[in-house]
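Visitor: I would like a close look at a single part of this protein, taken slowly enough for a first-year student to follow. Could you begin with a sheet and then move on to what is packed inside?

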Amino acid sequence: MAVRAESPRSGTVHGDGAHGASSPPGVACPPSQVLGRAAPAYAGPVATVDLAAVRAAAAALEGVVARTPVERSRVLSELVGDEVWLKCENLQRAGSFKIRGAFTRLSRLSPEERARGVVAASAGNHAQGVALAARELGIKATVFMPADAALPKLAATRDYGAEVVLGGASLDEIIPRAHELAERTGATFIHPFDHADVVAGQGSLGLEILEQVPDVRTILVPLGGGGLAAGMVAALREAAPRVQVVGVQAEKVAAYPTSFARGRPVAVEVARTMADGIAVGCPGEVPFDILSAARTPVRTVTEEDLSRALLLMIERAKMLVEPSGAAGVAALLADPGGLAGPVVVVLSGGNVDPLVLMRILRHGMTAAGRYLGLHIRIADRPGGLAALLGDIAEAGANVMHVSHVRTSSDLAVDEVDVDVRIETKGPEHCGEVVDRLRTAGYAVRVD
Ligand SMILES: Cc1ncc(COP(=O)(O)O)c(C=O)c1O
């Protein structure tokens, strides 16, 4: 069974599904700040999770979490050359898998602990997961959120009944405040991933996948601190050893490959990535021990892979997924080879601020070669620009932005440069548009 203690050597959260906090790269993760205790150096596994622990968590979650659907993805199946299924945890209650771990952790608190309430620090899905789990169990929750937390996440956390304490620039700043409140009031600090009960709860997702796709061979799962991947590995290494769980991290914040190489959780710098949910600077110790023992492979994805994945999910699968939640799809787009099928890709969350979504989709359209920037020199005479725009329209492209530039030193007096940004149907179409304009006699320079 799971050991129910939070790892005594960990507790510093470097990200949580929110903005990662900074920590010196390449060094062992800082010692525990939990309740201000000093912590001994890393000394091997402290707590583990097994199939029985995950089964117990899954039983307690029945009726609490939704059994989210799995949908076959035709486009990804064609890409991989085998069956690919999407596990739609973006449709889970509170918009991500986080309710699984949060509910499991909270439901195992003693009556005295429940009466004292819980505290969390998060800007993202953990905040909503804890708030909803606390409401289900009638426990008071206080959630510290950074001042710039996205409004929809803030509103949802409040709507679930949590008291939200807003302020601070980053998780670095708010985690100590959450610990301080826990110490002062006796409330329990709920770690987003580094606790055996949280890991066991997340693992229920693995068992659900096994029921829904019994012949699954590979599961791609977004990887941050490691709670989700570790829970699934803990369950499946016993229940279905043939299944390979593959973790996916954002290339910009990939703490696991370095940590595996060093044999211990090692902090990496937390660079900006659109996948804020998996931007965790240091693996949790409970998850690290499980994932390293199982030699879990980890792939990394670029920002372009992520935005293309998001776009593909919206356009082709009609799925609204947040960047972290689409990391598995991004990994398939980046490299569809080398995976045994059937493959299940976990869409781990769907909470994305509409404004951020707009920016990411634009990024995804660019990454997918759907935008084209051109500089075209034309004669400066009435109707010149109209003729150019007509030619672009005939090529089937949509003009999004046009500007006249008359400042180039090499322009003749009767010439003008036109900068156009156009929307195309994809990379091939971009080439066709340029060829067509050149054939029509324009001097075209591609951005
Ligand atoms: C959408 C999403 N996917 C994946 C993760 C990573 O989970 P873990 O930290 O348990 O690895 C998170 C963490 O918050 C998340 O919000």
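Guide: Please keep in mind that this is a predicted model. Helix α7, residues 171-185, lies across β4, β5 and β7, and runs at about 170 degrees to β4. The strands beneath this description belong to an open sheet of 4 strands, whose order is β6-β5-β4-β7 and whose pairing is parallel. Because β6 (163-166) and β7 (188-189) stand at the edges with a single partner strand each, one side of each is left without a neighbour in the sheet. As for β4 and β5, which cover residues 118-121 and 141-145, they pair in the parallel sense over 4 bridges, and within this pairing Val 119 stands opposite Thr 142 of β5. In general, strands of a sheet pair through backbone hydrogen bonds.

Turning to the packing, the largest nonpolar core has 115 residues, and among these Val 130 and Ile 219 touch the most other members. Helix α9, residues 227-239, gives the most to this core, namely 8 residues. Since domain 1 (51-96 + 196-365) and domain 2 (97-189) both give residues to this core, it lies between them. If we follow Ile 219 and leave aside its neighbours within four places in sequence, we find it in contact with Ile 209, Met 232, Val 243, Val 245, Val 246, Val 344 and Val 346. There is also a second, separate core of 11 residues, which includes Ile 376, Ile 392, Ile 422 and Val 433. As a general background, nonpolar side chains tend to be buried together in soluble globular proteins.

Methods
Residues numbered from 1 in each chain as written. Predicted model: local features only at pLDDT ≥ 70, side-chain atom pairs only at ≥ 80, totals over all residues. Pairing = 2+ DSSP bridges. Helix = DSSP H or I, 4+ residues; strand = E, 2+ residues; numbered from the N terminus. Contact = placed C-beta atoms within 7 Å. Axes fitted to C-alpha atoms, helices over the stretch in contact; angles between N-to-C directions. Core = buried A, V, L, I, M, F, W, Y, C linked by C-beta atoms within 7 Å. Buried ≥ 20, exposed ≤ 12 C-beta atoms within 10 Å, placed from the backbone. Domains from an automatic or database assignment.
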